[in-house]
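Biologist: Could you walk me through this one and tell me how each label was earned?
Modeller: Gladly; let's look at the picture together.

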Amino acid sequence: MTYPTTLLPQLIEAVANAIDENAEAVAALDQAIGDGDHVINLQRGLAALLAQREELGLLTWSAAWQKMGMTLMSTVGGASGSLLGTLFLEMAKAAADQALDLKGFAVVFAQGVEAMKRRGKSEAGEKTMLDVLVPVAVYLQSDACTAAEGLTGVQAVAIAGVESTRAMLATKGRAAFLAERSVGHIDAGAKSCQLMICAISAVLSAAPT
Ligand code: ADP
Ligand code: MG
């Protein structure tokens, strides 16, 4: 089964709600080891995507992700703006004009995450959003992940990824300035990515097959 882009308005609403509902918690995480603006940066980008959501739902995945990437690049700001923008622009390139089922989406997403690594000069293990996105990309491509079963699995993988950042020493982003003092805190970008992934997987799990 392939996913239609008519799901995009609902996906964007679910993501925006998940971030709004957890805004204080995410802000507190970025206040502890960053500069505290992460959730505001994201909310600015999500407000821009909400304004475009109906229009996005009429496009192909590739065209929608291209537009979303440009919007995120120009509205989010901070390190996360260029990284999330890169994710969507690369997914647009990778998707071309294909219809996407879960496995097709997994390949495209993994390519997007690789582009983020190049953009951020970073890898998983450095206490960033990649500690959620990389394991999720691996899981989505694994045999364990199927449309019927795997989308609850993806939530568990994302939550484990967030928790893994607690013990890590930050070596990228603003938290790296704190060195050892970053240990013991969860990364804000990892948390926001987990919230967005859980919101997306909940919508896709409920989508008619
Ligand atoms: P800024 O750090 O510029 O204020 P944000 O607060 O919006 O930007 O985003 C911070 C988040 O960005 C961090 O919590 C981390 O997850 C992520 N991040 C920062 N630098 C990198 C990097 N080089 N690679 C991957 N993720 C990064
Ligand atoms: Mg910040």
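**Labels and their reasons**

Biologist: Why does Asp-37 count as partly exposed?

Modeller: In this predicted model, Asp-37 has a relative accessibility of 26%. Partly exposed runs between the buried limit of 20% and the exposed limit of 50%, so Asp-37 falls in that middle class. Asp-35, at 40%, counts as partly exposed by the same cut-offs.

Biologist: What makes Asp-30, Asp-35 and Asp-37 donors of the magnesium ion (ligand 2)?

Modeller: Their OD atoms lie 2.0 to 2.6 Å from the ion. A donor must be within 2.8 Å of the metal, so these three qualify. In sequence the donor residues follow the spacing D-x4-D-x1-D.

Biologist: How do you know that Asp-30 has a polar contact with ligand 1?

Modeller: An N or O atom in the side chain of Asp-30 is 3.3 Å from an oxygen atom of ligand 1. The limit for a polar contact is 3.5 Å, so the pair counts. The side chain of Asn-41 has an N or O atom 2.9 Å from an oxygen atom of that ligand, and Gly-120 offers a backbone N or O atom 2.9 Å from one of its nitrogen atoms. Asn-41 is also among the residues that come nearest to ligand 1, with Ala-79, Ser-80, Ser-122 and Asp-187.

Biologist: Why are Trp-65 and Phe-105 called a tilted aromatic pair?

Modeller: Their ring centres are 6.1 Å apart, with 50 degrees between the planes. Pairing needs centres within 6.5 Å, and the angle is neither under 30 nor over 60 degrees, so the pair is tilted. The two belong to distant parts of the chain, 40 residues apart: Trp-65 sits in helix H4 (residues 61-75) and Phe-105 in helix H6 (residues 102-120). Together with Trp-61 and Phe-109, they form one aromatic cluster.

Biologist: Which of the two rings belongs to a buried residue, and which to a partly exposed one?

Modeller: Trp-65, at 3%, is under 20% and therefore buried. Phe-105, at 22%, is over that limit but not over 50%, so Phe-105 is partly exposed. Among the other buried residues of H4 are Trp-61, Ala-64 and Met-68. Their cover includes helices H1 (8-21), H3 (38-56), H5 (78-95) and H6.

Biologist: How do you know that the length of H4 agrees with its number of residues?

Modeller: At 1.5 Å a residue, its 15 residues should span 21 Å, and the end C-alpha atoms are 21 Å apart, so the two values agree. Just after H4, Gly-77 takes a positive phi of about 75 degrees.

Biologist: What makes the phi of Lys-127 worth pointing out?

Modeller: Most residues other than glycine have a negative phi. Lys-127, in the loop between H6 and helix H7 (130-141), has a positive one near 70 degrees. Ala-179 is not a glycine either, and its phi is about 45 degrees; its place is the loop between H8 and H9. At 1%, Lys-127 is under the 20% limit and so buried, whereas Ala-179, at 26%, is partly exposed.

Biologist: Why is Ser-182 called buried?

Modeller: Ser-182 has 0% relative accessibility, which is under 20%, so buried is the right word. Ser-182 is in the loop between helix H8 (150-164) and helix H9 (188-206), and the residues it touches include Lys-127, Ile-33 and Arg-166.

Terms used. Residues numbered from 1 in each chain as written. Chains lettered and ligands numbered in written order. Predicted model: local features only at pLDDT ≥ 70, side-chain atom pairs only at ≥ 80, totals over all residues. Heavy atoms only, no water. Phe/Tyr/Trp six-rings, centres within 6.5 Å; stacked < 30°, edge-to-face > 60°. Helix = DSSP H or I, 4+ residues; strand = E, 2+ residues; numbered from the N terminus. Buried < 20%, exposed > 50% of the residue type's maximum accessible area, 1.4 Å probe, protein only. Donors = N, O, S within 2.8 Å, 3.2 Å for Na, K, Ca; no water. Expected span 1.5 Å × (residues − 1). Contact = heavy atoms within 4.5 Å. Near = heavy atom within 4 Å. Polar contact = N/O pair within 3.5 Å; in protein donor to acceptor, adjacent residues only side chain to side chain. Lists of a residue's contacts leave out its neighbours within four places in sequence.
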